[in-house]
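Hello,

Here is the structure we spoke about. My notes follow below it, grouped by topic.

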Amino acid sequence: MRVLRLVLNILLLPLRPLLIVAPTERAAWIAAALAPVAVLIAATAPGAWVAAPLMGGALLLLIALDAVMTGKLDGWEIRTAEDIEVGQPSVLAITARFAGRAPSRAEAALECDPRLAPDGRVTFALAPDPLAPGWRGETTLTPARRGTATVARAWMRWEGPLRLGARHVDYPLDKTIRIWPDLSPVRSPDLQAFLRNAQIGLIARRIRGEGTQFEALSEYEPGMDRRRIDWKASARHTRLFARENESERNNQIVFAFDCGQAMCEPVDGLPRIDRAVSAALTCGYVALKGGDKVALFGFARRPQIMTPFIGDARAFHRLQSAAAGLDYEPVEPNFTLALATLTTKLKRRSLVVIFSDFTDPTAAELMVESLGRLVNKHLVLFVTMTDSEVEDLVAAPPGDIATLARSVTADSLAQQRKLVLTRLRRLGIDVLEAPWETIGPRLIDRYLAIRSSEAIG
């Protein structure tokens, strides 16, 4: 069919200066059906060979007339959001208006950045709009990576009443769509309800804990920590009194992202780095609401970004903008340079949350060594996502030799991974390993536990 449509396009070239005409698939099928008829005529009645070109000419004339009979494109419009989030669906719609006879069928295509659609192409059919004059078609875009994507060109094609000939137009576009990190967990009702009702919620009040700033004295009761007894005050009042200190705030939290090769690998359709960014921004929002300061640090072969510490939830958009600038680099990360740079920029003890991944102990050796030096001055939380593919291979029933071999190899990789994480724990590094679906909530829980223990300051 493609060859026949190409031949018909070549035959219609003389008409192109006057009318942009294209044969339809139905016209190609008719041409294919006429070919055996022409061969039969040539074989049975050689003198009637002229019938074959006459049939071809008649088909070409019908194609041209059908295209002329359909209406002209009076105007069209592309509607889409200028800002969308990675992994979240967004509607793209095209509205077209035709002057004259309505077409029997219309379709459109867009050339866009591969971040927006596979192969950088989006096609969809149009139908009469019941709410407004004209035709409308829409599709759903689900961006696979962050960044700035462009829609470069658009095509519109509509067929005549006989569906033999079609008109088509194309226009260059310069439409830019900004793809941001996914903040749907931040907007979730569960998190907002938690922030309203938790201790670090929206109510302005002092939070008592095990910090160093004195808040008040209270009468000692059985079950309290004896280390909180204020012996001087107890001697003056001849009763036991305990110190109540204000919970420490203004802690420094740094979310460090490995943007190297392992983190660029997809997990359930999105790169690991995008899953990590979404979890970090969610936890960072909670930290800002709790009065702590948050900064972002990204690195691969060399450091990419280092934001200043932000202590106001109203400036959260600055963290989102910085996270959108984290680039994907298919290279091995330089942990030695990155963590040495981060150490020089931190002037006080901080909680450093590192999002990374590794494939084997050899590749993780420099990472373990660099994290061992970082933990001497700061509190380090290492966050990695469970490899669901490896777990599925390990759990697969050994139905044949190939499956058994894959299962044994996957189990070896899983054991090597556990060995590296055990080494990190022995260095005093807190390790969080979880599936990507639960990495955000579990990171918030771990942060709140660390904060309540007053281990950061």
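**Salt bridges**

Arginine 136 counts as partly exposed, because its relative accessibility is 29% and the partly exposed range runs from 20% to 50%. Please keep in mind throughout that this is a predicted model. The side chain of arginine 136 meets that of glutamate 138 in a salt bridge, with 3.0 Å from N to O. Glutamate 138 has a relative accessible area of 46% and is therefore partly exposed too.

The structure has 19 salt bridges. One of them joins arginine 187 to glutamate 85, at 2.8 Å from N to O. Distant parts of the chain are linked by this pair: arginine 187 belongs to helix 4 (residues 184-187) and glutamate 85 to strand 3 (residues 83-85), 102 residues apart. Is glutamate 85 buried or exposed? With a relative accessibility of 13%, glutamate 85 counts as buried.

Another salt bridge is formed by arginine 105 and glutamate 159, whose closest N and O atoms are 3.9 Å apart. Arginine 105 is in strand 5 (residues 105-112) and glutamate 159 is in strand 8 (residues 147-159), so this pair ties together parts of the chain that are 54 residues apart in sequence. The two partners differ in burial class: arginine 105 is partly exposed at 37% relative accessibility, whereas glutamate 159 is buried, with a relative accessible area of 5%. Both residues also belong to a network of salt bridges that links Arg105, Glu107, Arg157, Glu159 and Arg163.

**The protein overall**

The protein has 457 residues, and 44% of them are buried. Its secondary structure consists of 14 helices and 20 strands. Counting contacts between residues at least 6 apart in sequence, 70% join residues at least 24 apart. The exposed area of the protein is about 23800 Å², and 57% of that comes from carbon and sulfur atoms.

**Nonpolar cores**

Which residues touch the most other members of the largest nonpolar core? They are Phe255, Phe257, Leu351, Val353, Phe355 and Leu443, in a core of 49 residues. The element that gives the most to this core is helix 8 (residues 272-289), with eleven residues. A separate core of 29 residues lies apart from it, and its members include Ile78, Ala96, Leu141 and Trp158.

Phenylalanine 255 can be followed further. With neighbours within four places in sequence left aside, its contacts are Ala280, Cys283, Gly284, Val294, Ala295, Leu296, Phe297, Val353, Phe355 and Leu443. Three of the core residues named above are thus among the contacts of phenylalanine 255, namely Val353, Phe355 and Leu443.

**Aromatic pairs**

How many aromatic pairs does a search of the whole structure find? The search finds eight. In one of them, the ring centres of tyrosine 285 and phenylalanine 316 are 5.3 Å apart and the ring planes stand at 75°, so the pair is edge-to-face; the cut-off for that class is over 60 degrees. Tyrosine 285 is in helix 8 and phenylalanine 316 in helix 9 (residues 316-324), so far as sequence goes 31 residues apart, and the pair links distant parts of the chain. Both tyrosine 285 and phenylalanine 316 are buried.

Elsewhere, one aromatic cluster is formed by Phe98, Trp135 and Trp158. Trp158 was named above as a member of the core of 29 residues.

**Arginine 301**

Where is arginine 301 found? It is in the loop between strand 16 (293-299) and strand 17 (303-306). Arginine 301 has a relative accessible area of 46% and is therefore partly exposed. Leaving out neighbours within four places in sequence, arginine 301 is in contact with Glu329, Val331, Glu332, Asn334 and Leu337. Arginine 301 and alanine 338 are 37 residues apart in sequence, and their C-alpha atoms are 8.3 Å apart in space.

**A nonpolar surface patch**

Leu61, Leu65 and Met69 make a nonpolar patch of about 280 Å² on the surface. Of these, leucine 65 has its place in helix 3 (residues 51-69). Leucine 65 counts as partly exposed because its relative accessibility is 44%.

Regards

Key:
Residues are numbered from 1 along each chain as its sequence is written. This is a predicted model: local features need pLDDT of at least 70, side-chain atom pairs count only at pLDDT 80 or more; totals for chains, interfaces and linings use all residues. Side-chain values use heavy atoms; hydrogens and water are left out. Patches are made of residues with over 30% relative accessible area and no salt bridge: like charges are joined within 9 Å, nonpolar side chains (Val, Leu, Ile, Met, Phe, Trp, Tyr) within 5 Å. Accessible areas come from the Shrake-Rupley method with a 1.4 Å probe; for residues, only the protein chains shown count as cover. A salt bridge is a side-chain nitrogen of Lys or Arg within 4 Å of a carboxyl oxygen of Asp or Glu. Helices (H or I, at least four residues) and strands (E, at least two) are DSSP runs, numbered from the N terminus. Buried means under 20% relative accessible area, exposed over 50%, partly exposed in between (1.4 Å probe, protein chains only). A nonpolar core is a set of buried Ala, Val, Leu, Ile, Met, Phe, Trp, Tyr and Cys residues joined through side-chain atoms within 4.5 Å. Contact means heavy atoms within 4.5 Å. Rings of Phe, Tyr and Trp (its six-membered ring) pair if their centres lie within 6.5 Å; planes under 30 degrees apart count as stacked, over 60 as edge-to-face and the rest as tilted.
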